[in-house]
Amino acid sequence: MSRMHIPVLAGELIDLTQPAAAEIAVDCTFGEGGHARLVADRLGATGTLVCIDRDPAAERRFEELAAAVACETRFLRMDYADGLGVLAQEGLEADLVYLDLGISSTQVDARERGFSYSYDAPLDMRMDPAQELDAREVVGEWDERRLAQLFRRYGEEPNARRIAREIAQRRRRAPIETTGELVAAIEAALPAAVRRRFGGGHPAKRVFQAVRIAVNGELDSLDRALPLAWELLRPGGRLAAISFHSLEDRRVKRFLAQRARGCVCPPDFPVCVCGHEPEAELLTGRAVAPTPGEVAHNPRSKSGRLRAARRLTAGESG
Ligand SMILES: C[S@@+](CC[C@H](N)C(=O)[O-])C[C@H]1O[C@@H](n2cnc3c(N)ncnc32)[C@H](O)[C@@H]1O
(Lines give C-alpha, C1' and ligand atoms only; values in the text may rest on other atoms or scores of the structure.)
Protein backbone atom coordinates (compact mmCIF):
# COMPACT_ATOMS: atom_id res chain seq x y z
CA MET A 1 0.00 0.00 0.00
CA SER A 2 1.30 3.46 -0.85
CA ARG A 3 1.55 5.82 2.11
CA MET A 4 1.95 9.56 2.22
CA HIS A 5 5.38 10.58 3.36
CA ILE A 6 5.17 11.89 6.94
CA PRO A 7 7.94 14.38 7.71
CA VAL A 8 10.25 13.10 10.44
CA LEU A 9 11.25 15.19 13.49
CA ALA A 10 9.42 18.12 11.90
CA GLY A 11 8.45 19.93 15.11
CA GLU A 12 11.97 19.49 16.47
CA LEU A 13 13.49 20.90 13.25
CA ILE A 14 11.31 24.01 13.52
CA ASP A 15 11.89 24.46 17.28
CA LEU A 16 15.65 24.16 16.97
CA THR A 17 16.21 26.25 13.86
CA GLN A 18 13.44 28.83 14.36
CA PRO A 19 12.76 29.89 10.75
CA ALA A 20 11.51 33.49 10.91
CA ALA A 21 9.69 36.02 8.74
CA ALA A 22 11.65 37.41 5.79
CA GLU A 23 14.43 34.82 6.06
CA ILE A 24 15.97 32.80 3.23
CA ALA A 25 15.87 29.02 3.67
CA VAL A 26 17.21 26.16 1.55
CA ASP A 27 15.52 22.74 1.68
CA CYS A 28 18.09 20.38 0.15
CA THR A 29 15.81 17.33 0.02
CA PHE A 30 12.32 18.55 -0.87
CA GLY A 31 10.67 15.12 -1.27
CA GLU A 32 6.96 15.56 -0.55
CA GLY A 33 7.53 19.04 0.85
CA GLY A 34 6.45 18.17 4.41
CA HIS A 35 9.25 20.09 6.10
CA ALA A 36 9.19 22.74 3.37
CA ARG A 37 5.54 23.53 4.07
CA LEU A 38 6.21 24.16 7.76
CA VAL A 39 9.27 26.27 7.03
CA ALA A 40 7.45 28.26 4.32
CA ASP A 41 4.67 29.10 6.77
CA ARG A 42 7.27 30.55 9.16
CA LEU A 43 9.01 32.56 6.44
CA GLY A 44 5.80 34.36 5.47
CA ALA A 45 5.21 36.53 2.44
CA THR A 46 8.58 38.30 2.70
CA GLY A 47 10.68 35.13 2.95
CA THR A 48 12.27 32.93 0.29
CA LEU A 49 12.42 29.14 0.17
CA VAL A 50 14.76 27.43 -2.28
CA CYS A 51 13.99 23.72 -2.71
CA ILE A 52 16.28 21.08 -4.20
CA ASP A 53 15.64 17.46 -5.17
CA ARG A 54 17.03 15.24 -7.89
CA ASP A 55 13.77 13.33 -8.38
CA PRO A 56 11.44 14.71 -11.08
CA ALA A 57 8.43 13.51 -9.03
CA ALA A 58 9.48 15.94 -6.27
CA GLU A 59 9.50 18.80 -8.78
CA ARG A 60 5.86 18.09 -9.63
CA ARG A 61 4.92 18.22 -5.96
CA PHE A 62 6.89 21.43 -5.56
CA GLU A 63 4.54 23.12 -8.03
CA GLU A 64 1.65 22.40 -5.65
CA LEU A 65 3.55 23.81 -2.69
CA ALA A 66 4.59 26.92 -4.60
CA ALA A 67 0.95 27.66 -5.40
CA ALA A 68 -0.11 27.22 -1.78
CA VAL A 69 2.44 29.24 0.21
CA ALA A 70 3.02 32.97 0.55
CA CYS A 71 6.81 33.10 0.40
CA GLU A 72 8.88 33.32 -2.75
CA THR A 73 9.85 29.83 -3.93
CA ARG A 74 12.26 28.27 -6.35
CA PHE A 75 13.16 24.70 -7.31
CA LEU A 76 16.47 23.22 -8.44
CA ARG A 77 16.25 19.71 -9.82
CA MET A 78 19.72 18.39 -9.22
CA ASP A 79 21.97 16.78 -6.63
CA TYR A 80 21.82 18.99 -3.56
CA ALA A 81 25.61 19.34 -3.46
CA ASP A 82 25.49 20.75 -6.99
CA GLY A 83 22.48 22.89 -6.06
CA LEU A 84 24.31 24.43 -3.11
CA GLY A 85 27.23 25.13 -5.45
CA VAL A 86 24.90 26.97 -7.85
CA LEU A 87 23.46 29.06 -5.01
CA ALA A 88 26.96 29.91 -3.76
CA GLN A 89 27.97 31.04 -7.26
CA GLU A 90 24.94 33.30 -7.34
CA GLY A 91 26.07 34.84 -4.04
CA LEU A 92 23.00 33.72 -2.08
CA GLU A 93 23.27 34.08 1.70
CA ALA A 94 20.94 31.79 3.62
CA ASP A 95 19.53 31.94 7.14
CA LEU A 96 18.69 28.26 7.19
CA VAL A 97 19.88 25.21 5.24
CA TYR A 98 18.51 21.77 6.10
CA LEU A 99 18.72 18.23 4.79
CA ASP A 100 16.38 15.31 5.44
CA LEU A 101 18.46 12.47 4.08
CA GLY A 102 17.61 9.25 2.29
CA ILE A 103 14.43 8.52 0.40
CA SER A 104 10.78 9.33 0.97
CA SER A 105 8.00 6.84 1.73
CA THR A 106 6.56 7.61 -1.68
CA GLN A 107 9.81 6.55 -3.35
CA VAL A 108 9.96 3.37 -1.25
CA ASP A 109 6.36 2.53 -2.07
CA ALA A 110 6.67 3.20 -5.80
CA ARG A 111 7.23 -0.50 -6.54
CA GLU A 112 8.58 -0.05 -10.04
CA ARG A 113 11.51 2.00 -8.70
CA GLY A 114 13.00 -1.01 -6.96
CA PHE A 115 13.91 0.64 -3.63
CA SER A 116 12.05 -1.89 -1.51
CA TYR A 117 12.81 -5.48 -0.58
CA SER A 118 9.08 -5.90 0.09
CA TYR A 119 8.01 -5.85 -3.57
CA ASP A 120 9.35 -7.67 -6.58
CA ALA A 121 10.44 -5.11 -9.16
CA PRO A 122 13.31 -4.41 -11.58
CA LEU A 123 16.54 -3.56 -9.74
CA ASP A 124 16.69 0.21 -10.18
CA MET A 125 16.98 2.40 -7.02
CA ARG A 126 17.88 5.61 -8.88
CA MET A 127 16.57 8.81 -7.30
CA ASP A 128 17.22 10.51 -10.61
CA PRO A 129 15.83 8.22 -13.33
CA ALA A 130 18.03 9.92 -15.94
CA GLN A 131 21.20 8.72 -14.21
CA GLU A 132 23.07 5.84 -15.87
CA LEU A 133 24.18 3.72 -12.92
CA ASP A 134 21.39 1.62 -11.46
CA ALA A 135 21.11 -1.25 -8.98
CA ARG A 136 21.06 -3.82 -11.79
CA GLU A 137 24.53 -2.76 -12.84
CA VAL A 138 25.89 -2.77 -9.27
CA VAL A 139 24.46 -6.19 -8.39
CA GLY A 140 25.06 -7.68 -11.84
CA GLU A 141 28.49 -6.35 -12.74
CA TRP A 142 30.52 -5.43 -9.69
CA ASP A 143 32.93 -8.22 -8.86
CA GLU A 144 32.50 -10.32 -5.75
CA ARG A 145 35.17 -8.52 -3.72
CA ARG A 146 33.77 -5.12 -4.52
CA LEU A 147 30.27 -6.24 -3.58
CA ALA A 148 31.48 -7.65 -0.26
CA GLN A 149 33.24 -4.37 0.47
CA LEU A 150 30.09 -2.42 -0.45
CA PHE A 151 27.83 -4.50 1.80
CA ARG A 152 30.30 -4.21 4.69
CA ARG A 153 31.02 -0.50 4.35
CA TYR A 154 27.66 0.93 3.41
CA GLY A 155 25.38 -1.74 4.86
CA GLU A 156 27.46 -2.63 7.94
CA GLU A 157 26.42 -6.17 6.97
CA PRO A 158 28.23 -8.80 9.07
CA ASN A 159 27.69 -11.48 6.39
CA ALA A 160 28.92 -9.36 3.50
CA ARG A 161 31.28 -11.96 2.03
CA ARG A 162 28.79 -14.79 2.25
CA ILE A 163 26.15 -12.72 0.45
CA ALA A 164 28.55 -11.46 -2.23
CA ARG A 165 29.66 -15.06 -2.89
CA GLU A 166 26.05 -16.24 -3.26
CA ILE A 167 25.28 -13.39 -5.69
CA ALA A 168 28.38 -14.15 -7.76
CA GLN A 169 27.48 -17.85 -7.93
CA ARG A 170 23.87 -17.23 -8.88
CA ARG A 171 24.57 -14.70 -11.57
CA ARG A 172 26.95 -17.12 -13.30
CA ARG A 173 23.85 -19.24 -13.91
CA ALA A 174 21.37 -16.42 -14.69
CA PRO A 175 21.45 -12.62 -14.33
CA ILE A 176 19.99 -11.08 -11.16
CA GLU A 177 17.60 -8.45 -12.46
CA THR A 178 14.87 -8.00 -9.87
CA THR A 179 14.61 -7.10 -6.21
CA GLY A 180 12.96 -10.48 -5.62
CA GLU A 181 15.97 -12.29 -7.09
CA LEU A 182 18.32 -10.25 -4.92
CA VAL A 183 16.26 -10.99 -1.79
CA ALA A 184 16.30 -14.71 -2.70
CA ALA A 185 20.11 -14.65 -3.03
CA ILE A 186 20.48 -12.92 0.35
CA GLU A 187 18.10 -15.36 2.05
CA ALA A 188 19.94 -18.32 0.55
CA ALA A 189 23.25 -16.92 1.79
CA LEU A 190 21.92 -16.49 5.31
CA PRO A 191 20.50 -19.68 6.77
CA ALA A 192 18.05 -19.11 9.61
CA ALA A 193 20.68 -19.81 12.29
CA VAL A 194 22.98 -17.07 10.92
CA ARG A 195 20.06 -14.67 10.67
CA ARG A 196 19.09 -15.33 14.28
CA ARG A 197 22.66 -14.69 15.42
CA PHE A 198 22.76 -11.22 13.85
CA GLY A 199 19.06 -10.26 14.02
CA GLY A 200 18.34 -6.70 12.81
CA GLY A 201 15.05 -6.88 10.91
CA HIS A 202 14.58 -8.06 7.35
CA PRO A 203 17.64 -10.02 6.13
CA ALA A 204 17.87 -7.87 2.98
CA LYS A 205 17.68 -4.51 4.76
CA ARG A 206 21.40 -3.82 5.03
CA VAL A 207 22.26 -4.94 1.51
CA PHE A 208 19.46 -2.83 0.01
CA GLN A 209 20.71 0.19 1.96
CA ALA A 210 24.25 -0.39 0.70
CA VAL A 211 23.23 -0.76 -2.94
CA ARG A 212 21.01 2.33 -2.76
CA ILE A 213 23.83 4.40 -1.24
CA ALA A 214 26.19 3.26 -4.00
CA VAL A 215 23.72 3.83 -6.84
CA ASN A 216 22.97 7.37 -5.69
CA GLY A 217 26.42 8.32 -4.41
CA GLU A 218 24.70 9.37 -1.19
CA LEU A 219 27.69 9.72 1.11
CA ASP A 220 29.70 11.55 -1.50
CA SER A 221 26.87 14.08 -1.92
CA LEU A 222 26.67 14.59 1.83
CA ASP A 223 30.43 15.06 2.15
CA ARG A 224 30.40 17.64 -0.62
CA ALA A 225 27.27 19.39 0.62
CA LEU A 226 28.09 20.02 4.27
CA PRO A 227 30.92 22.54 3.71
CA LEU A 228 28.98 24.21 0.90
CA ALA A 229 25.91 24.55 3.10
CA TRP A 230 28.00 26.00 5.91
CA GLU A 231 29.60 28.57 3.63
CA LEU A 232 26.18 29.62 2.35
CA LEU A 233 25.03 30.59 5.84
CA ARG A 234 25.17 34.17 6.93
CA PRO A 235 26.28 34.79 10.54
CA GLY A 236 23.47 33.59 12.80
CA GLY A 237 22.31 31.14 10.11
CA ARG A 238 21.41 27.56 11.03
CA LEU A 239 22.34 24.23 9.48
CA ALA A 240 20.33 21.11 10.31
CA ALA A 241 20.42 17.51 9.09
CA ILE A 242 18.20 14.52 9.72
CA SER A 243 20.06 11.23 9.18
CA PHE A 244 18.73 7.70 9.03
CA HIS A 245 21.81 5.59 9.59
CA SER A 246 25.09 5.87 11.42
CA LEU A 247 27.18 6.44 8.26
CA GLU A 248 25.30 9.70 7.66
CA ASP A 249 24.94 10.72 11.28
CA ARG A 250 28.66 10.24 11.96
CA ARG A 251 29.51 12.58 9.08
CA VAL A 252 27.12 15.27 10.26
CA LYS A 253 28.28 14.94 13.87
CA ARG A 254 31.96 15.20 12.94
CA PHE A 255 31.39 18.13 10.60
CA LEU A 256 29.46 20.18 13.16
CA ALA A 257 31.85 19.28 15.99
CA GLN A 258 34.79 20.55 13.93
CA ARG A 259 33.01 23.87 13.35
CA ALA A 260 32.23 24.20 17.06
CA ARG A 261 35.82 23.58 18.13
CA GLY A 262 38.00 26.36 19.48
CA CYS A 263 41.71 25.67 19.91
CA VAL A 264 43.07 22.98 17.56
CA CYS A 265 46.61 22.87 19.03
CA PRO A 266 48.02 19.40 19.83
CA PRO A 267 46.91 18.37 23.35
CA ASP A 268 50.46 18.50 24.75
CA PHE A 269 50.93 22.21 23.90
CA PRO A 270 51.03 24.15 27.20
CA VAL A 271 49.39 27.25 25.68
CA CYS A 272 47.29 27.85 22.62
CA VAL A 273 49.26 29.05 19.60
CA CYS A 274 46.71 28.34 16.88
CA GLY A 275 44.31 31.19 17.66
CA HIS A 276 41.53 29.10 16.12
CA GLU A 277 38.07 30.16 17.15
CA PRO A 278 34.79 28.28 17.00
CA GLU A 279 32.51 29.10 14.08
CA ALA A 280 29.49 27.23 15.37
CA GLU A 281 27.27 26.86 18.38
CA LEU A 282 25.84 23.35 18.55
CA LEU A 283 22.07 23.46 18.93
CA THR A 284 21.96 19.73 19.66
CA GLY A 285 24.42 18.19 22.16
CA ARG A 286 23.33 14.66 21.40
CA ALA A 287 21.39 13.90 18.26
CA VAL A 288 17.64 14.39 18.70
CA ALA A 289 15.63 11.18 18.21
CA PRO A 290 11.90 10.90 17.54
CA THR A 291 9.64 10.50 20.58
CA PRO A 292 7.97 7.12 21.18
CA GLY A 293 4.73 8.82 20.09
CA GLU A 294 6.20 9.79 16.72
CA VAL A 295 7.61 6.30 16.20
CA ALA A 296 4.22 4.76 17.03
CA HIS A 297 2.53 7.06 14.52
CA ASN A 298 5.26 6.74 11.88
CA PRO A 299 7.46 3.65 12.35
CA ARG A 300 9.73 4.83 9.50
CA SER A 301 10.86 7.71 11.73
CA LYS A 302 12.50 5.30 14.16
CA SER A 303 16.09 5.67 13.02
CA GLY A 304 15.86 9.45 12.37
CA ARG A 305 18.47 11.59 14.14
CA LEU A 306 18.52 15.37 14.00
CA ARG A 307 21.60 17.54 14.52
CA ALA A 308 21.82 21.29 14.12
CA ALA A 309 24.22 24.17 14.65
CA ARG A 310 24.17 27.94 14.40
CA ARG A 311 26.86 29.90 12.64
CA LEU A 312 28.38 32.36 15.10
CA THR A 313 28.77 36.03 14.33
CA ALA A 314 32.31 37.48 14.49
CA GLY A 315 31.75 39.06 17.94
CA GLU A 316 30.36 35.87 19.46
CA SER A 317 33.24 33.57 18.62
CA GLY A 318 35.99 35.69 20.22
C1 LIG B 1 13.54 11.75 3.16
S2 LIG B 1 13.06 12.48 1.66
C3 LIG B 1 12.67 14.13 2.12
C4 LIG B 1 11.27 14.30 2.61
C5 LIG B 1 10.88 15.72 2.86
N6 LIG B 1 11.68 16.34 3.88
C7 LIG B 1 9.42 15.80 3.23
O8 LIG B 1 9.10 16.20 4.36
O9 LIG B 1 8.59 15.48 2.39
C10 LIG B 1 14.58 12.73 0.83
C11 LIG B 1 14.45 13.37 -0.53
O12 LIG B 1 15.73 13.83 -0.86
C13 LIG B 1 16.03 13.51 -2.20
N14 LIG B 1 17.48 13.36 -2.26
C15 LIG B 1 18.23 12.45 -1.59
N16 LIG B 1 19.53 12.62 -1.88
C17 LIG B 1 19.59 13.66 -2.75
C18 LIG B 1 20.67 14.33 -3.39
N19 LIG B 1 21.94 13.95 -3.23
N20 LIG B 1 20.38 15.38 -4.16
C21 LIG B 1 19.09 15.79 -4.34
N22 LIG B 1 18.04 15.18 -3.77
C23 LIG B 1 18.29 14.13 -2.97
C24 LIG B 1 15.26 12.26 -2.50
O25 LIG B 1 14.96 12.20 -3.89
C26 LIG B 1 14.00 12.44 -1.63
O27 LIG B 1 12.97 13.04 -2.37
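A crossing of two helices is left-handed if the near helix is turned anticlockwise from the far one by less than a right angle, and right-handed if the turn is clockwise. In the predicted model described here, this convention applies to two helix pairs, which are considered in turn after an outline of the chain.

The protein chain contains 15 helices and seven strands. Its C-alpha trace extends over about 65 × 60 × 40 Å along the principal axes. A compact globule of 318 residues would be expected to have a radius of gyration near 20 Å, and the value of 21 Å found for the protein chain therefore agrees with that expectation. Of the 318 residues in the protein chain, 49% are buried. Among contacts with a sequence separation of 6 or more, 69% join residues that lie 24 or more positions apart.

Helix α4, formed by residues 80–89, packs with helix α12, formed by residues 218–232, at an angle of about 25°, the two axes lying 8 Å apart. Because angles under 35 degrees count as roughly parallel, α4 and α12 are assigned to that class. The crossing in which α4 passes α12 is left-handed. On the α4 side, the contact is made by Y80, A81, D82, L84, G85, L87 and A88, while α12 contributes E218, S221, L222, R224, A225, L228, A229 and L232. Classified by residue type, the contact of α4 with α12 comprises ten nonpolar, two polar and three charged residues.

A second pair is formed by helix α1 (residues 10–17) and helix α2 (residues 34–43), whose axes come within 10 Å and cross at roughly 35°. Here α1 passes α2 in a right-handed crossing. The residues that make the contact are A10, L13 and I14 of α1, together with H35, L38, V39 and R42 of α2. By class, five residues in the contact of α1 with α2 are nonpolar, one is polar and one is charged.

Outside the helices, H245 occupies the loop between β5 (233–243) and α13 (246–260). Its relative accessibility is 11%, and because residues under 20% are classed as buried, H245 falls into the buried class. When neighbours within four places in sequence are set aside, H245 is in contact with Q209, I213 and L219.

Terms used. Residues are numbered from 1 along each chain as its sequence is written. This is a predicted model: local features need pLDDT of at least 70, side-chain atom pairs count only at pLDDT 80 or more; totals for chains, interfaces and linings use all residues. Side-chain values use heavy atoms; hydrogens and water are left out. Axes are lines fitted to C-alpha atoms, for helices over the stretch in contact, and angles run from 0 to 180 degrees between N-to-C directions. Helices (H or I, at least four residues) and strands (E, at least two) are DSSP runs, numbered from the N terminus. Angles under 35 degrees count as roughly parallel, over 145 as roughly antiparallel, 65 to 115 as roughly perpendicular and the rest as oblique. Contact means heavy atoms within 4.5 Å. Ala, Val, Leu, Ile, Met, Phe, Trp, Tyr, Cys and Pro count as nonpolar, Asp, Glu, Lys and Arg as charged, and the others, Gly among them, as polar. The radius of gyration is taken over C-alpha atoms; the globule rule is 2.2 Å times the number of residues to the power 0.38. Buried means under 20% relative accessible area, exposed over 50%, partly exposed in between (1.4 Å probe, protein chains only).
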